[in-house]
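User: I have a few questions about how this model is described. Please give me the reasoning behind each term.

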2 protein chains.
Amino acid sequence: MSSSRARIVHNAQDGMAPVKGTKDYLPDEQLGRERVLEVLRDTFKLYGYSPVETSILEHYQTAASKFGGGSEILKETYRLTDRGNRELALRYELTFKLAKLFAMHQDIKLPFKRYEVGRVFRDGPVKAGRLREFTQCDVDVIGTESIAADAELLGLTSHIFGKLGIDITIQVNNRKILFGIFEICGIGPDKHHEAAISIDKFEKIGEDAVRSELISKGLANGQVDDLFQIFRKVMALPENNSMVGFLRSVGSRNRESLLISGLNELDRLLEYCAEFNAISEVEFTPNLARGLGYYTGPMWEVYAKESSITSSVAAGGRWDDMTGKFLGTGVKYPATGMGFGLDVIHTVLQEKLIRDGTKSMSSSVPVLLIVPVDNAVANAAMRLATQLREEGVSTDITFNMRVRKALDYANKRDIPLVTVIGDTELENQSAEIKNMRSGHAETVSLEGMSAMIKEIIRSE
Amino acid sequence: MSSSRARIVHNAQDGMAPVKGTKDYLPDEQLGRERVLEVLRDTFKLYGYSPVETSILEHYQTAASKFGGGSEILKETYRLTDRGNRELALRYELTFKLAKLFAMHQDIKLPFKRYEVGRVFRDGPVKAGRLREFTQCDVDVIGTESIAADAELLGLTSHIFGKLGIDITIQVNNRKILFGIFEICGIGPDKHHEAAISIDKFEKIGEDAVRSELISKGLANGQVDDLFQIFRKVMALPENNSMVGFLRSVGSRNRESLLISGLNELDRLLEYCAEFNAISEVEFTPNLARGLGYYTGPMWEVYAKESSITSSVAAGGRWDDMTGKFLGTGVKYPATGMGFGLDVIHTVLQEKLIRDGTKSMSSSVPVLLIVPVDNAVANAAMRLATQLREEGVSTDITFNMRVRKALDYANKRDIPLVTVIGDTELENQSAEIKNMRSGHAETVSLEGMSAMIKEIIRSE
């Protein structure tokens, strides 16, 4: 059996390999991913966000509109045509789908708080941790100008990672602060975007490398000196308030400046974060710039502490301009939102479970395997399975499988509990539940079996 | 605002219409669909099935292999190429993806019980209730020959529709019974498939129309007479056992015949269905033939009673040959499984909710809207929202919205409970919860708010 399967697997010409950039998830992994999704969905709902589902197939024209994500993404858009010769694309993100949904349904009430979980496709370079087909989990609100909506999303973030038992840092910045610092250093608005991309790497590639980049982008040496002086000082300060205080002093000459306006927004964000129970995770990071293309105000990136994963596990920000631009009507629709990285969160969680040495019995599928010793007791074993399932215990049962083989199967599939049912068990109406992990066994009445299993799970 | 949105919507040239054959789901609908998915996933796990996730992108060659669904489906397969000029396809079903997954992973233990929920794509004719992009919910087991596995799936079906409160009929047949009857009427094996497709319509289009079809397919008048005599008699009988008994008498001359072998399997299926609590829904339907292409033994279709929906809400059967054929190794892998129609189940459920006049508060998102009267009480209102969310109440809160507008918003979004927070409420540490559906209002301490809301939900 296995040798014939092996032949297939190694014959890649048969098309029996995954498509480049795609991945299949087997039960062990998928159970964990579904657990993460459950926490995400439950928390989104708890915070008043409702689900939508949009199509993967999109008009190429709509996907390609210059408001639909920009030319970088467009190069990576999968194209196809249908039998009606329509030019189609596979969606590459969920945000423009939200803008389109909003445009198409005039009866949507503002603020519109929605989440969507779904696959997106990008025909880009394949690297470690970067796939061409992957799942995005987005949560956004359209129609709220208040910074409280941004803070609420950080509260939601804190809630989610709290439920998952993952310690996080939320790096927060505001586009106005970053550009305001550039303004104060005399850097022209045409260079703000490019300068931001370099400054973002301040701690990663070091001052010298950032300086070369900035000079090559047309900044004067004096401008870079001023910039570095500010960033060196602010980033050496120990906590959010002192950093804000220092930047306020830098911007004090002009109370109407971009910098002061950004700091005012940040102050409010921090104030509201305290109400939404997220303040202990928030770290003001004045050089944070990623995702800048979209964002118009606050922006943030979430990192897991104590993890080998260095990429962010979630990120977001305010995007007040995109919906209006997409609609092309000149009306502005304030919006803020964020995305959670399903696979990166799952990887962090796996690391943690391995580190903690816990493998939860409650999330096993199945929790119990019922093994009838022969056909004579098969029907009674089926009734027992039915009873346990009705009582909420994830149960499997073997059909025509010898006991030795069934135990081996339970071991290899890592099913935590096994009960063997024979004549004696039916006569006594009681059976032994064997814990395959601890080796411990206990006898219990058939009637009391689900109660005992729930007790075993609870006491883990 | 709405007028500019309207302009967009009516300008289909902008690509602002859905792609033909696709559909977007807004919150009202999607909340219901997610509820159905939750019941499906929970029950699949309860019955010992674990989740997998496979890629939507597939090698065209793999999708097109003659074992991958047949030429009918192939005409409807979306094709595309990636930047590496690979010939790709969008998957059109989940079953061949399962067979491929199984082929690629030799470490998968048998029996392999898996479920998968995911989108599939078919570039076919668009009719009412038929989309080009839709969600399949499949549950299958590879590696079990026992008919008990088929019966277990019917138990799972009964459990799911019980949880959803939908009364169902499970029409059951066996390919061997159908072909066995043809055999007895002297119809050659080469005509079995075609004859089955016509006989399936016996009750829908009437005897005369079926007769013309069968004659045009090359059956003799005498053969059709014999066939009709059997089907008229068996289908007039009142219950499963008498139908089986009659067909046993028809097949009694040869105990080794296909018919007797099929009836033996059916007897066992009915026996096991009793153990798996599904017997009251099962109706033996000897002319059932749909899905025949795949199926090798038992097959079934599930229909909702008391619904305007006449198409099946779920269907399945045994497919012992496909994996082996797909692998091309000659080794046979017995398998059985079924699919649930997410959208059709959701439609039945919506009908039922409208009929019963119930709109559940517990499934509302949010359940409660907190309305701070002004900015002075905004922070305290945020703290209240945080507290209620920590205590598990789906809560939304308005930012900078006047009370009158907030109440209008709650009405239009059908948020069931509203509480307005002002100075007096904070001073007294209590507030009024208004039930927007009943008009009833009750005052409660801020601390006791979540307990009262849970009580309101329970007592609904």
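User: Which residue of chain B comes closest to the rotation axis?

Analyst: This is a predicted model. B:Leu80 comes closest, with its C-alpha at 2.7 Å from the axis.

User: How do you know that the two copies are related as by a two-fold rotation axis?

Analyst: Chain B superposes on chain A by a rotation of 180° with 0.0 Å of shift along the axis. The RMSD is 0.0 Å. The copies are therefore related as by a two-fold rotation axis.

User: What makes you say that the copies meet through the same surface?

Analyst: Look at the interface residues of chain B: 100% of them are also interface residues in chain A, so the surface is the same. The contact involves 84 residues of chain B and 84 residues of chain A. On the chain B side, 34 are nonpolar, 26 polar and 24 charged.

User: Why is helix 10 of chain B called oblique to helix 11 of chain B?

Analyst: Helix 10 (residues 207-216) and helix 11 (residues 221-236) of chain B pack at about 140°, their axes 10 Å apart. Roughly antiparallel needs an angle over 145 degrees, and roughly perpendicular covers 65 to 115. The angle fits neither class, so helix 10 of chain B is oblique to helix 11 of chain B.

User: Which residues make that contact?

Analyst: Helix 10 of chain B supplies B:Glu207, B:Arg211, B:Leu214 and B:Ile215. Helix 11 of chain B supplies B:Asn221, B:Val224 and B:Phe228. By class, that is 4 nonpolar, 1 polar and 2 charged residues.

User: Is the crossing of the two helices left-handed or right-handed?

Analyst: Helix 10 and helix 11 of chain B cross in a right-handed sense.

Note on methods: Residues are numbered from 1 along each chain as its sequence is written. Chains are lettered from A and ligands numbered from 1 in the order in which they are written. This is a predicted model: local features need pLDDT of at least 70, side-chain atom pairs count only at pLDDT 80 or more; totals for chains, interfaces and linings use all residues. Axes are lines fitted to C-alpha atoms, for helices over the stretch in contact, and angles run from 0 to 180 degrees between N-to-C directions. Helices (H or I, at least four residues) and strands (E, at least two) are DSSP runs, numbered from the N terminus. Angles under 35 degrees count as roughly parallel, over 145 as roughly antiparallel, 65 to 115 as roughly perpendicular and the rest as oblique. A crossing is left-handed if the near helix is turned anticlockwise from the far one by less than a right angle, and right-handed if clockwise. Two residues are in contact if their C-beta atoms, placed from the backbone, lie within 7 Å. Ala, Val, Leu, Ile, Met, Phe, Trp, Tyr, Cys and Pro count as nonpolar, Asp, Glu, Lys and Arg as charged, and the others, Gly among them, as polar. Copies are superposed by least squares on the C-alpha atoms of residues with pLDDT of at least 70 in both.
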